[in-house]
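The report that follows describes the arrangement of strands, helices and selected side chains in one protein model. Please read it alongside the sequence and the coordinates.

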Amino acid sequence: MYLGIDIGGTAVKIGMVTEEGKILLSNSYDVAFDSYETPIFDTVKKSIELFIRENYIDMKSIEGIGVSATGQVNSNTGTIIGVGGNIKNWCGTEIKKELEEIYNIKTTVVNDANCMVIGEQWVGKGRGYKNIVGVTIGTGVGGGIIVDSKILLGSIGIAGELGHFSINSEGKKCTCGNIGCYEQYASTTALIKIVRDKFEELDILSFKKEDLNGKVIFEEVSRGNKKLQEILDEWIINIGKGLVSLVHIFNPEIIIIGGGVSKQEEFFIKPLRKYVLENVMKRFGENLRVEAAELGNNAGLVGAVYYNIQQ
């Protein structure tokens, strides 16, 4: 039995996971209740203790602790070495060191987007594939690369920042400081911004500007709004351009798309698949699949445990 811990920007999910990848029980706990004035990892540690007590868990039965963590993770040391967003008291947190000191159990720590693709490879859409590109589309763009069945981590574990390669050298300034980064065009945030900027031109009746989000955009497109469809089509093309480049670099067997928008098979996954397969070089497209992720919010928890098992 393994303890899985998925630390996000607003909550930590903790669960008991079998060596076959089945989650037996899990719970989520708020980590941002006071805007991170309480260091996030202090809250995580208290949440772990609460989870153990509430579920009468004998820690002697736990073979490993797998942690999925938001931010840039040095997977060799299990330390947070970079932070996106405004999470105070997070950078520099020595997760592996602290948990091993408390529980004396082998602990591994990997970035959450990498854990998504690891989980999908183990018991999700990536089962049976050795070469996978996983991309999560949401507030930003994250992802992970699996090559010959192993997650590509780079020299210190921070490889796979798929939101930050440029697709437009004269494009938008990114929060990272570079120009034309993928997530400036491919994130759900980017789609929402375009729709907000052009809202008055779009003849939208089903929702107000202040209620704008990814879900209502797709609902409006499904009602036949042609102007909004044009914006969505352009957004999908931008996502596709980045995926085509990733296919030419990594030659995957499957691309797995995660994030809330991945549930939109008809209006998102199908046209994205079509664009990628029509624009990659012929040999790269042979037997290539483009699919929505399967595990949803459980991917990080499961992926963190599988990485622990592999070490």
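## Helix packing, sheet and side chains

Helices α5 and α7 cross in a right-handed manner. The model is a predicted one, and in it the axes of α5 (residues 188–197) and α7 (residues 226–250) come within 10 Å, with a crossing angle of roughly 145°. On the α5 side the contact is made by Thr188, Leu191, Ile194 and Val195, while α7 contributes Leu228, Ile231, Leu232 and Trp235. Trp235, one of the α7 residues in this contact, also belongs to an aromatic cluster that it forms with Phe218 and Phe268. The structure as a whole holds four aromatic pairs. A further ring, that of Tyr185, has Lys172 lying over its face, at 4.8 Å from the ring centre.

Turning to the sheet, five strands are arranged in the order β3-β2-β1-β4-β7, forming an open sheet whose pairing is mixed. Because β3 (23–30) and β7 (107–111) stand at the edges with a single partner strand each, one side of each is left without a neighbour in the sheet. From one strand to the next, the twist averages 15°. Within this sheet, β1 (residues 2–7) and β2 (residues 11–17) run antiparallel and are joined by six bridges; Asp6 stands opposite Lys13, a residue of β2.

Two helices lie across strands of the sheet, and the table sets out their placement.

| Helix | Residues | Strands it lies across | Angle |
|---|---|---|---|
| α1 | residues 40–54 | β1, β2 and β3 | about 140° to β3 |
| α3 | residues 112–123 | β1, β4 (64–69) and β7 | about 100° to β7 |

Strand β1 thus appears in both rows, since α1 lies across β1, β2 and β3 and α3 lies across β1, β4 and β7. The angle given for each helix refers to an edge strand, namely β3 for α1 and β7 for α3.

A last point concerns a single loop residue. Is Ser75, which is placed in the loop between β5 (72–74) and β6 (79–82), buried or exposed? With a relative accessible area of 12%, Ser75 falls under the 20% limit and is therefore buried. When its neighbours within four places in sequence are left aside, Ser75 is in contact with Val109, Leu153, Ile156, Gly157 and Tyr307. Among these contacts, Val109 lies within the residue range of β7 (107–111), one of the edge strands of the sheet.

Terms used: Residues numbered from 1 in each chain as written. Predicted model: local features only at pLDDT ≥ 70, side-chain atom pairs only at ≥ 80, totals over all residues. Heavy atoms only, no water. Pairing = 2+ DSSP bridges. Helix = DSSP H or I, 4+ residues; strand = E, 2+ residues; numbered from the N terminus. Axes fitted to C-alpha atoms, helices over the stretch in contact; angles between N-to-C directions. Contact = heavy atoms within 4.5 Å. Buried < 20%, exposed > 50% of the residue type's maximum accessible area, 1.4 Å probe, protein only. Phe/Tyr/Trp six-rings, centres within 6.5 Å; stacked < 30°, edge-to-face > 60°. Lys NZ or Arg CZ within 6 Å of the ring centre and 35° of its normal. Left-handed = near helix turned anticlockwise from the far one by under 90°.
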